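Visitor: Hello! I am new to this structure and would love a close look at one part of it. Could you pick a place to begin and then show me how it fits into the whole?

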Amino acid sequence: GKTKGITFNFDEQLLGGCAIDKEGTPWPDKTLESCKAADSILMAAIGGPKWDGNPRELRPETGLLAMRQQLGLFANLRPAKAIPQLLDASSLKREVVEGVDIMVVRELCGDVYFGKPAGIYTDEAGVRWGQNNMIYSEPEIERIARVAMDVAQKRQGRCCSIDKANVLDVSQLWKDVVIRVHGECGQGVELSHMYVDNAAMQLVREPKQFDVMLTGNLFGDILSDTAAMLTGSIGMLPSASLNADSRGLYEPVHGSAPDIAGEGKANPLATILSAAMLLRYSLDAGAAADVIEAAVEQVLDTGLRTLDIASDPTDAVSTSAMGDAVVDAIVSLS
Ligand code: IPM
Ligand code: MG
């Protein structure tokens, strides 16, 4: 803000585990009101073993899902771009990951995550059943397909739609609607289709074949974690979840890493890069976003590494040391 003359008004609110502890709900009304009033939302990761045994309505994840749905954040953009400085941190061979540049466009408000009926029940014979419903309406598919076409037009112009249409009716509808939307607004976009199991394999076999991957909620959840690993560390990846007005929620792709909580080992770069996405997509401050991204690159160039991306663990720096280094680089670049 100081270097670019932007004034930020921050309003900090609770979500997830801390909200359960302090307010008795993972998604307090105050938080919803504050999010609605804001131009954009920057969120840290949620979840932890402390709340794993809780009933579903008192789990941190329930707060996040309610937030996505109540704010209409249906378009989740998850870039996975190989970072040249980190190629050796990937578990895959350098020649496989070098040059990878994928954007997962994941639908975020529908699918088996929200489909009804859902629950655990016991039938007359005393057998317990767990059930969720994988369901999509045509409008839900259409709006995310439009986003994917738009994103593909701004990138390399290739969109691979992921489904399981060989088995699932919901996927057959998905595929039909994506084909229709492509015909209507996919000028210049080369559309292909792939079954999700094959896509999981292709992502680790030959990831460079992908530009935009268009997915439903569950398939995108799974494939975006795989795509993240191509870049070296899931600790590097930001994400944006946008609603129809391009207001957004920005969060790292990674989870809360409860196993290292409080130890100062976490990689802050995914969150810092999420702030850059926030500036670009919701606040129309692309120049400020450029500086943050350049600062992160510069810091990586100097060899600074948190534990998750360090080739020698004894060289790893702390979360705050990494954050300070990025701030210094922002100041020197401005
Ligand atoms: C993600 C996470 C969430 C999801 C969890 C925390 C509910 O895995 O953002 O990918 O499944 O969507
Ligand atoms: Mg996930």
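Guide: Let's begin with Phe 8, which is partly exposed, because its relative accessibility is 30%. Please keep in mind that what you see is a predicted model. Phe 10 is exposed, because its relative accessibility comes to 76%. Two aromatic pairs are present in this structure. One of them brings together Phe 8 and Phe 10, whose rings are stacked, with 5.7 Å from centre to centre and 20 degrees between the planes.

The other pair is made by Tyr 136 and Trp 174, and here the arrangement is tilted: the centres are 5.3 Å apart and the planes stand at 50 degrees. Tyr 136 sits in the loop between β5 (128-131) and α5 (138-154), while Trp 174 belongs to helix α6 (residues 169-185), so this pair ties together parts that are 38 residues apart in sequence. What about their surroundings? Tyr 136 is buried, because its relative accessibility is 8%. Trp 174 is buried too, at 3% relative accessibility.

Now for the close look itself: helix α3. Arg 68 is a good way in, as a residue of this helix, which covers residues 60-70. Is Arg 68 buried or exposed? Arg 68 is buried, because its relative accessibility is 5% and the limit for that label is under 20%. Setting aside the neighbours within four places in sequence, you will find Arg 68 in contact with Leu 73, Arg 78, Arg 106, Leu 108, Cys 109 and Glu 251.

Arg 68 has company inside the helix: the buried residues of α3 are Pro 60, Gly 63, Leu 64, Ala 66, Met 67 and Arg 68. When you look along that list, one general point may help: an α-helix has 3.6 residues a turn, so residues three or four places apart point the same way. And what covers the buried residues of α3? The cover includes the helices α1 (17-23) and α2 (29-37), together with the strands β1 (40-42), β2 (75-81), β3 and β10. Just past the end of α3 comes Gly 72, with a positive phi of about 65 degrees.

Two of those covering strands lead us on to some backbone details. In the loop between β3 (101-107) and β4 (119-122) you will meet Pro 117. The peptide bond that joins Lys 116 to Pro 117 is cis, and its omega is near 0 degrees. From β10 (248-252) a loop runs to α9 (269-281), and Ala 257 lies in that loop. Ala 257 is not a glycine, yet has a positive phi of about 45 degrees. Ala 257 is partly exposed, because its relative accessible area is 29%. Follow the chain past α9 and you come to Asp 284, in the loop between α9 and α10 (286-301). Asp 284 has a positive phi as well, about 55 degrees, although this residue is not a glycine. Asp 284 is exposed, because its relative accessible area is 71%.

One more stop: His 193, in strand β7 (residues 190-195). His 193 is partly exposed, because its relative accessibility is 29%. Cys 160 is 33 residues away from His 193 in sequence, yet 5.3 Å from it in space, C-alpha to C-alpha. Neighbours within four places aside, the contacts of His 193 are Cys 160, Ser 161, Asp 163, Lys 175, Val 178 and Ile 179.

Finally, let's step back to the whole. The protein chain has 11 helices and 10 strands. Its radius of gyration is 20 Å, close to the 20 Å that the globule rule gives for 334 residues, so the chain is as compact as a globular protein of that length. Along the principal axes, the C-alpha atoms fill a box of roughly 65 × 50 × 40 Å. Of the 334 residues, 46% are buried. Among contacts between residues at least 6 apart in sequence, 70% join residues at least 24 apart. The chain exposes about 16200 Å², of which carbon and sulfur atoms supply 53%. As for charge, there are 30 positive and 46 negative charges, and their mean positions are 1 Å apart.

How values were computed: Residues numbered from 1 in each chain as written. Chains lettered and ligands numbered in written order. Predicted model: local features only at pLDDT ≥ 70, side-chain atom pairs only at ≥ 80, totals over all residues. Heavy atoms only, no water. Helix = DSSP H or I, 4+ residues; strand = E, 2+ residues; numbered from the N terminus. Rg over C-alpha atoms; globule rule 2.2 N^0.38 Å. Buried < 20%, exposed > 50% of the residue type's maximum accessible area, 1.4 Å probe, protein only. Contact = heavy atoms within 4.5 Å. Areas by Shrake-Rupley, 256 points an atom, 1.4 Å probe, with all protein chains shown as cover. Lys, Arg positive; Asp, Glu negative; His and termini not counted. Charge placed at Lys NZ, Arg CZ, Asp CG, Glu CD. Phe/Tyr/Trp six-rings, centres within 6.5 Å; stacked < 30°, edge-to-face > 60°.
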